[in-house]
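Me: Could you take a close look at the aromatic side chains in this model and what sits around them? I'd like one connected walk-through, please.

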Amino acid sequence: MSLSQILRKEFTSYIKPLFIQQCCECCGCVEHLHLHHVVPFKILLYETMYQLNLELHEDINKYTENELLLIKEIMLGKQLKTEYITCCKTCHTYIHFLDLKQHNTKHQQMLHMKNNIPLFIKLAKENKVDEAYQVINNTSTLPSICSLVC
């Protein structure tokens, strides 16, 4: 197992249950829920390695037991302090598609998700045009169009 895989496994075991909500904060879906890091996991890992003055290696055998323990402890601490968005798989993919990482707070990311594009696309694919129109028309369509075009 690589260093990232081990840390993500720790995240799934310890952090995810503390922060995951009952439904997607973007569309309300209750299935296939993910926990989106507002500050990307990779950035937290880079910061940790810099803080410990260590090079990042995926091979865990390149670290001493003490170094691995420190990496895990610092990463868990950083993850306890960060913000998350509970989202379904579709919305999580959409968040990454929009590259919302440039917005560094949950509030900023949620503002860009206020139009429920995943639900709109789902309804449109199901040929439920009137329902899709209502979903997209709940807020101005301009922010969604601008974020996709820009």
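Reply: Let's start on the outside, with one term: a nonpolar patch is made of residues with over 30% relative accessible area and no salt bridge, their nonpolar side chains joined within 5 Å. Keep in mind that this is a predicted model. Here Ile43, Tyr46 and Leu56 make up such a patch on the surface, and together they have about 240 Å² of accessible area. Ile43 belongs to helix H2, which covers residues 41-51. With 36% relative accessibility, Ile43 counts as partly exposed, so it clears the 30% needed for a patch.

Now for the ring pairs. There are two aromatic pairs in the structure. In one of them, Phe11 and Tyr84 have ring centres 5.8 Å apart with planes at 40 degrees; that angle is neither under 30 nor over 60, so the pair counts as tilted. In sequence the partners are distant: Phe11 is in helix H1 (residues 3-19), Tyr84 is in strand E2 (residues 84-88), and 73 residues separate them. Phe11 and Tyr84 are both buried.

The other pair brings in Phe19 with Tyr84: here the centres are 4.9 Å apart and the planes meet at 45 degrees, so this pair is tilted too. Again H1 is linked to E2, with Phe19 and Tyr84 65 residues apart in the chain. Tyr84 takes part in both pairs, and the ring pairs join Phe11, Phe19 and Tyr84 into a cluster.

How covered are the members of that second pair? Tyr84 has 4% relative accessibility, so it counts as buried, whereas Phe19, at 25%, is partly exposed. The cut-off for buried is under 20%, so Phe19 misses it.

What about the strand beside E2? E1 (residues 33-37) pairs with E2 in the antiparallel sense, over five bridges. Within that pairing, Leu35 is opposite Thr86 of E2. Four of the five E1 residues are buried, so this strand is largely enclosed by the rest of the structure.

One more ring deserves a look, this time with a charge as its partner. Arg8 has its charged end over the ring of Phe41, 4.0 Å from the ring centre.

To pull it together, Tyr84 in E2 is linked through its ring to Phe11 and Phe19 of H1, while E2 itself pairs with E1.

Note on methods:
Residues are numbered from 1 along each chain as its sequence is written. This is a predicted model: local features need pLDDT of at least 70, side-chain atom pairs count only at pLDDT 80 or more; totals for chains, interfaces and linings use all residues. Side-chain values use heavy atoms; hydrogens and water are left out. Rings of Phe, Tyr and Trp (its six-membered ring) pair if their centres lie within 6.5 Å; planes under 30 degrees apart count as stacked, over 60 as edge-to-face and the rest as tilted. Helices (H or I, at least four residues) and strands (E, at least two) are DSSP runs, numbered from the N terminus. Buried means under 20% relative accessible area, exposed over 50%, partly exposed in between (1.4 Å probe, protein chains only). A charge sits over a ring if NZ of Lys or CZ of Arg is within 6 Å of the ring centre and within 35 degrees of the ring normal. Patches are made of residues with over 30% relative accessible area and no salt bridge: like charges are joined within 9 Å, nonpolar side chains (Val, Leu, Ile, Met, Phe, Trp, Tyr) within 5 Å. Accessible areas come from the Shrake-Rupley method with a 1.4 Å probe; for residues, only the protein chains shown count as cover. A salt bridge is a side-chain nitrogen of Lys or Arg within 4 Å of a carboxyl oxygen of Asp or Glu. Two strands pair if DSSP finds at least two bridges between them.
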